[in-house]
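User: I'd like to go through this model with you, one question at a time. Shall we start?

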Amino acid sequence: MSLLSDFINLNLSETTEKVIAEYIWIGGSGTDLRSKARTLPGPVSDPSKLPKWNYDGSSTGQAPGKDSEVILYPQAIFKDPFRRGNNILVICDAYTPAGEPIPTNKRHKAAKIFSHPDVVAEVPWYGIEQEYTLLQKDVKWPLGWPVGGYPGPQGPYYCGVGADKAWGRDIVDSHYKACLYAGINISGINGEVMPGQWEFQVGPSVGISAGDEVWAARYILERITEIAGVVLSLDPKPIQGDWNGAGAHTNYSTKSMRNDGGYEVIKKAIEKLGLRHKEHIAAYGEGNERRLTGRHETADINTFLWGVANRGASIRVGRDTEKEGKGYFEDRRPASNMDPYVVTSMIAETTILWKP
């Protein structure tokens, strides 16, 4: 293994200007990530300077076998924490050879919404709290749990410290540093209420970059858990019973909300979100009905309510925002497996562009 590590850690810049670009895209399920690498003649920092590429869409559930070519358009670049040096990770979206976005390309529509002049003027900020569960590879049971059994009840695990409370911290810290190295605006991590479950936060990020950064962070986490021999789960309710589910709480503000008088703008935005509750729930992740039960810090999936400092609400407004009369709010409805392109752009569309 040490010999393998020697090769993996080779410094290419000592012998060549060539770099490796790992092209990353979302597969046919809408949640699975795919990637492949290519050699470039030299360093690149602008996605528009990268070549388009193609892949076999029939092998990812995104094209028929008789017309299987799907084209990758590079959209965002991050430093590669695995190969390091000038090597890069490239977030891509996918198109037909005729240039039409394929059905699973949610970034294309999001980019249109975020490029609308009214949205651009409001400079929408997002902070996304990505919860996830680490599973033992062969049994698909949470890390640290006795196989086929359960640990003690919830209580000591949230932000817990110690070998009997925090399981997987080496993976979590590796991911944290790798994201910082990559240039992702990761703002923190913490252990969650259910043991074996963790959270990282991305943001504040503006517009489409929030989705790019969350997908890049998910990719890096998948790669690190792959190395560790642990399975990453974004299931919104991985364990049934008296255990918390996993969400992707989305904190949001616009320029108008952050300025004086912003609290009134926030209340109007929340009112609009309530009027489109069903549409948002339908787009906020698969299996969310197992999580949004009205228990375990959630509101019931069929009920829309908001409150100050209320973690059992659909929308939570912080005490600081109420006190200062401006700030942001948190949409607590998105599931951990949500598509950040869909959620962020839908919130902007509803609160800025939609006219009831």
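Analyst: Sure. One term before we start: helices (H or I, at least four residues) and strands (E, at least two) are DSSP runs, numbered from the N terminus. Also keep in mind that this is a predicted model.

User: What share of residues 19-99 is strand?

Analyst: That stretch is where UniProt, in an unreviewed entry, places the feature "domain: GS beta-grasp". Its end C-alpha atoms are 27 Å apart. Helix accounts for 0% of residues 19-99, and strand for 48%.

User: In what order do the five strands of the open sheet run?

Analyst: Start at the edges: strand 2 (33-40) and strand 3 (53-56) each pair on one side only. The pairing across the sheet is mixed, and the twist averages 40 degrees from one strand to the next. With those edge strands at the ends, the order reads 2-1-5-4-3.

User: Which residue in strand 2 does Val19 stand opposite?

Analyst: Strand 1 covers residues 19-26 and pairs with strand 2 in the antiparallel sense, over eight bridges. Val19 belongs to that pairing region's strand 1 by its number, and its opposite residue in strand 2 is Leu40.

User: Where does the largest nonpolar core lie relative to domain 1 and domain 2?

Analyst: This core has 59 residues, and Phe78, Tyr132, Ile184, Ile220, Tyr252, Phe329 and Ala348 have the most contacts inside it. Helix 5 (residues 208-228) gives the most, with ten residues. Domain 1 (4-104) and domain 2 (117-353) both contribute residues, so the core lies between them.

User: And how many residues are in the other core?

Analyst: That one lies apart from the largest core. Val19, Tyr23, Val44 and Leu72 are among its members, and its count is 16 residues.

User: How many residues of domain 2 are in contact with domain 1?

Analyst: The C-alpha centres of the two domains lie 27 Å apart. Even so, there is contact between them: 17 residues of domain 1 take part, and on the domain 2 side the number is 17.

User: Is Arg333 buried or exposed?

Analyst: Arg333 sits in the loop between strand 13 (329-331) and helix 10 (340-353). Leaving aside neighbours within four places in sequence, its contacts include His277, Tyr284, Arg291 and Phe304. The cut-off for buried is under 20% relative accessible area; Arg333 has 2%, so it counts as buried.

Definitions and conventions: Residues numbered from 1 in each chain as written. Predicted model: local features only at pLDDT ≥ 70, side-chain atom pairs only at ≥ 80, totals over all residues. Heavy atoms only, no water. Core = buried A, V, L, I, M, F, W, Y, C linked by side-chain atoms within 4.5 Å. Buried < 20%, exposed > 50% of the residue type's maximum accessible area, 1.4 Å probe, protein only. Domains from an automatic or database assignment. Pairing = 2+ DSSP bridges. Axes fitted to C-alpha atoms, helices over the stretch in contact; angles between N-to-C directions. UniProt positions renumbered as here; feature names shortened; annotations may be inferred. Contact = heavy atoms within 4.5 Å.
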